[in-house]
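Let's take a friendly walk through a protein model. Have the sequence and the 3D view ready, and follow along as we go.

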Amino acid sequence: MSVDSYSGNSSATTRHYAPYVQANWGYANHWYPALFSEELANGGLKGVTIGGHDIALRRSAGKVYGLSDRCIHRGVKLSAKPMCLSEGTVSCWYHGYTYDVSDGKLTTIVGNPEDSLIGKVGVRTYPVEEVNGMIFVFVGDEDYGTPPPLDSDLPARVTNDPNDAPVPHLTDDNIIVRGIHRKLVGNWRLAAENGLDPGHLLVHWDNQILVALDRALPLGVNALTNEATEEIDIPDGPKGVMNRYDRPDLYQPVLENPKVDIKARGTVPHYFRTSLWVPGVLMVEHWPITDHVQYEFYVPIDDHHHEYWEIVATRVADDAERQEFDFKYEHFFKPLALEGFNNSDVFAREATEEHYTRFDGWNNEVLCDMDYSIVAWRKMAARHPRGFFESPYQDED
C-alpha cells in the first residue's frame with residue numbers, strides 16, 4: 001500500500017496535502033446547502049453562517065435570494081428580527097435601511113426616504129439554487145464571477161452499480177429527499193474524514209440499526225491494493241475519492257480480533273459503498289437500505305464548528321411511494337440511522353476536536369495502514385482548491 005509511506009507521525013507528511021491543512025475555515029467558492037425548502041416560507045427571512053459568511057435568505061414571490069446578513073449602517077444582523085415590508089426587499093429592523101434582494105442595493109431608508117445614500121451603496125448578494133427541497137448557496141469571493149454548475153460540487157452520478165439500480169442523484173427528477181441538519185462542535189475536515197474512514201466501524205459495533213437488521217458490519221476493512229480507494233477527477237465536474245467496497249478483490253473485512261476477544265455482529269451481508277467529494281460531501285450508496293442513498297454535507301461555520309447535514313433519498317413513482325417513504329423516514333431512517341447510527345460519529349468527531357485544537361493534531365497524528373483512504377482524500381482535496389475561507393475576526397491571523 002502506498003499509504004505505508006505516510007504512516008507514523010505526520011509532521012513530515014502534511015506537505016503532501018498542505019492546501020488541505022490550510023483549509024481550516026473550509027473551501028471558498030463552492031455550493032453549500034443552507035436550508036431545507038420547508039424551513040423558509042414564502043415572504044420569510046432566515047440567517048445562516050457558512051465559512052464565516054453571515055447570509056440572509058429571503059423567499060420573495062416564491063424565489064429564494066441570498067444577501068449579506070449584516071446591515072451596512074451599524075452592522076446588526078438583518079435576520080435577528082426579520083422585517084420584510086414589501087415584495088423583493090429586506091429592511092433592517094434597527095434604522096430601516098432597505099435592500100433590494102436581487103442586487104443588494106439600498107433602495108430606501110424607512111425613516112428618511114430622501115437620504116443621499118440611497119442607490120449608491122448596498123450589501124453583497126450570493127447566488128442561490130433550489131432543487132428537490134434543498135436550498136444551496138454559492139459562498140466565497142464576491143468577485144469570483146459566474147459560479148460553476150451545482151452538480152460540480154455534488155457527488156458524481158453512479159453508473160456502475162452492481163445492483164443494476166443506480167442510486168438517485170440529488171438533482172434527479174422523481175426522487176424524494178428528507179433529512180436533518182444540526183450545528184456541531186468540530187472542524188469540518190474531522191467530520192468529513194470520519195465519514196469516509198474504513199477504520200472507524202468499531203464505533204458502530206453496538207448500534208441499534210445493526211442489531212435490528214442483523215447487519216454483518218465488520219470491525220474494519222483492510223485494503224489489499226492501491227486501487228482500493230479510487231480517485232475520481234471529472235473535468236469541470238466532481239472531484240473525490242471512492243472506497244471500492246464493491247470489489248472484494250480489493251478489500252479484506254476484519255470480522256474478529258482474538259487478541260481482544262471481539263467479533264463483528266450480524267449475519268446478513270449488505271452491500272454499500274462510500275465516497276467523499278470536494279468541498280466536503282459524503283455519499284453512502286444503498287444505505288440505510290438497498291435502493292436508497294445517504295448524503296452527508298459537512299458545511300464549515302468557522303474553524304471549530306460545522307453544520308452537519310444528513311439526508312436520505314430514493315426514487316418514487318407516485319404519491320403512495322412517497323407516503324411509504326415518509327413513514328419509513330419518520331419511524332426508521334431518522335431515529336435509527338440519522339440519529340442513532342450517526343450519533344456515534346458525532347461523538348467521535350467532537351472527541352477528536354480537542355486534539356486538533358489544543359495539540360496541533362494535523363502535525364501530531366499517528367497514521368496507520370487503515371488511513372489510506374483519508375490520505376487519498378486529503379491529497380485529492382488539496383489539488384482542487386478554488387479558494388479558502390478566512391477568519392472574519394480582525395484579531396486572528
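Which residues of β21 are buried on one side, and which on the other? H292, Q294, E296, Y298 and P300 are buried on one side of the strand, while V293, Y295, F297 and V299 are buried on the other, so that both faces of β21 are covered. Keep in mind as you look that this is a predicted model.

**A strand and its partners**

Strand β21 covers residues 292–300, and 9 of its 9 residues are buried, so the strand is largely enclosed by the rest of the structure. It has strands to pair with, too. Strand β20, made of residues 281–285, runs antiparallel to β21 and is joined to it by 5 bridges. If you would like to find one of these bridges, look for L282, whose bridge partner in β21 is E296. Between β20 and β21 there is a hairpin with 6 residues between the strands, and here H286 takes a positive phi near 55°.

Strand β22, residues 305–315, also pairs with β21 in the antiparallel sense, over 9 bridges. For H292, the bridge partner in β22 is T314. The hairpin that joins β21 to β22 does so through 4 residues.

**A buried histidine**

Next, find H30, which is in strand β2 (residues 30–36). Is this residue buried or exposed? H30 has a relative accessible area of 1%; because buried means under 20%, H30 counts as buried. Which residues surround it, apart from its neighbours within four places in sequence? H30 is in contact with V137, F138, V139, D153, V278, P279, H384 and R386. With R386, the side chain of H30 also makes a polar contact of 3.0 Å.

**A helix tucked inside**

Helix α5 spans residues 372–382, and 10 of its 11 residues are buried, so the helix is largely enclosed by the rest of the structure. Among the buried residues are Y372, I374, W377 and R378.

R378 is worth a second look. Its side chain meets that of E193 in a salt bridge of 2.8 Å, N to O. E193 lies in helix α2 (residues 188–196) and R378 in helix α5, so the pair ties together parts that are 185 residues apart in sequence. Both E193 and R378 are buried.

**Salt bridges across the model**

How many salt bridges does a search of the whole structure find? The search finds 21. Here are three of them, with their N to O distances.

| Side chains that meet | Distance, N to O |
|---|---|
| E193 and R378 | 2.8 Å |
| R247 and D249 | 2.8 Å |
| E354 and R358 | 2.7 Å |

In the R247 and D249 pair, R247 is partly exposed, with a relative accessible area of 33%, and D249 is partly exposed as well, at 43%.

Where do E354 and R358 lie? Both are in helix α4 (residues 319–358), 4 residues apart, which is about one turn of the helix. E354 counts as partly exposed at 44% relative accessibility. R358 has a relative accessible area of 56%; because exposed means over 50%, R358 counts as exposed.

Salt bridges can also link up into a network, as they do for E230, R244, D246, R273 and E285.

Note on methods
Residues are numbered from 1 along each chain as its sequence is written. This is a predicted model: local features need pLDDT of at least 70, side-chain atom pairs count only at pLDDT 80 or more; totals for chains, interfaces and linings use all residues. Side-chain values use heavy atoms; hydrogens and water are left out. Helices (H or I, at least four residues) and strands (E, at least two) are DSSP runs, numbered from the N terminus. Buried means under 20% relative accessible area, exposed over 50%, partly exposed in between (1.4 Å probe, protein chains only). A polar contact is a pair of N or O atoms within 3.5 Å; within protein, one must be able to donate a hydrogen and the other to accept it, and residues adjacent in sequence count only if both atoms are side-chain atoms. Contact means heavy atoms within 4.5 Å. A salt bridge is a side-chain nitrogen of Lys or Arg within 4 Å of a carboxyl oxygen of Asp or Glu. Two strands pair if DSSP finds at least two bridges between them.
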